[in-house]
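Reader: Hello! I would enjoy a close look at one part of this molecule, with a little of its surroundings for context.

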Amino acid sequence: VKALAGIGFLALIAAAIVSETWRKPLIVVAILLTIVIAHELGHFLIARRAGMACSEFFVGFGPRLWYRKRGETEFGLKLLPLGGYVRILGMTNLEKVDPALEKRTYRQAPFRWRFATIMGGVTVNFVLAF
């Protein structure tokens, strides 16, 4: 506990020292990550509404920094904050899927739900821009 308090104190001092220099870039990164999360959430919510199985919802790329599994989906953060993704089972015909989950794949969903899933992220972008 003392070590964590010491690390927290040092982090506050470091933040105070670099706050003027790093404030604007950190704000820009935070806004971009918020946009990425909202965009991916648009895909995710519609895919789930359509009954598709989503195995991952991550912000960033590269090695995992943190993740938590809720239900069948892993939510997490990766090292490079350059985007994000939602992994929906069966996005391609080449992807191997457990036969028990085949009915819940993207490729088995009706066209209207596949189209809505893809447009979910785009629609969120337009709403945010408005």
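Reader: How many residues does helix α2 have, and what distance does α2 reach from its first C-alpha to its last?

Author: Happy to help, and please keep in mind that this is a predicted model. Helix α2 covers residues 111-129, which gives 19 residues. From first C-alpha to last, α2 reaches 27 Å, close to the 27 Å expected at 1.5 Å a residue. Even so, α2 has a kink of about 35 degrees, and Gly 120 is at its centre. Gly 120 is also buried, as are Thr 117 and Gly 121 in this helix.

Now for the surroundings. The chain has two helices and two strands, and along the sequence they follow the pattern α-β-β-α. Of the 130 residues in the chain, 27% are buried. The largest nonpolar core has nine residues: Phe 44, Ala 47, Met 52, Cys 54, Phe 57, Val 86, Ile 88, Tyr 106 and Ala 109. Two or more residues of this core come from each of α1 (2-49), β1 (54-70) and β2 (73-88). One core member worth a visit is Phe 44. Beyond its neighbours within four places in sequence, Phe 44 is in contact with Cys 54, Phe 57, Thr 73, Phe 75 and Val 86.

Two totals for the chain complete the picture. Among contacts with a separation of 6 or more, 45% are between residues 24 or more positions apart. The accessible surface comes to about 9400 Å², and carbon and sulfur atoms account for 70% of that surface.

Conventions
Residues are numbered from 1 along each chain as its sequence is written. This is a predicted model: local features need pLDDT of at least 70, side-chain atom pairs count only at pLDDT 80 or more; totals for chains, interfaces and linings use all residues. Side-chain values use heavy atoms; hydrogens and water are left out. A nonpolar core is a set of buried Ala, Val, Leu, Ile, Met, Phe, Trp, Tyr and Cys residues joined through side-chain atoms within 4.5 Å. Buried means under 20% relative accessible area, exposed over 50%, partly exposed in between (1.4 Å probe, protein chains only). Helices (H or I, at least four residues) and strands (E, at least two) are DSSP runs, numbered from the N terminus. Contact means heavy atoms within 4.5 Å. Accessible areas come from the Shrake-Rupley method with a 1.4 Å probe; for residues, only the protein chains shown count as cover. The expected span of a helix is 1.5 Å times one less than its number of residues. The bend at a residue is the angle between axes fitted to the seven residues ending there and the seven starting there.
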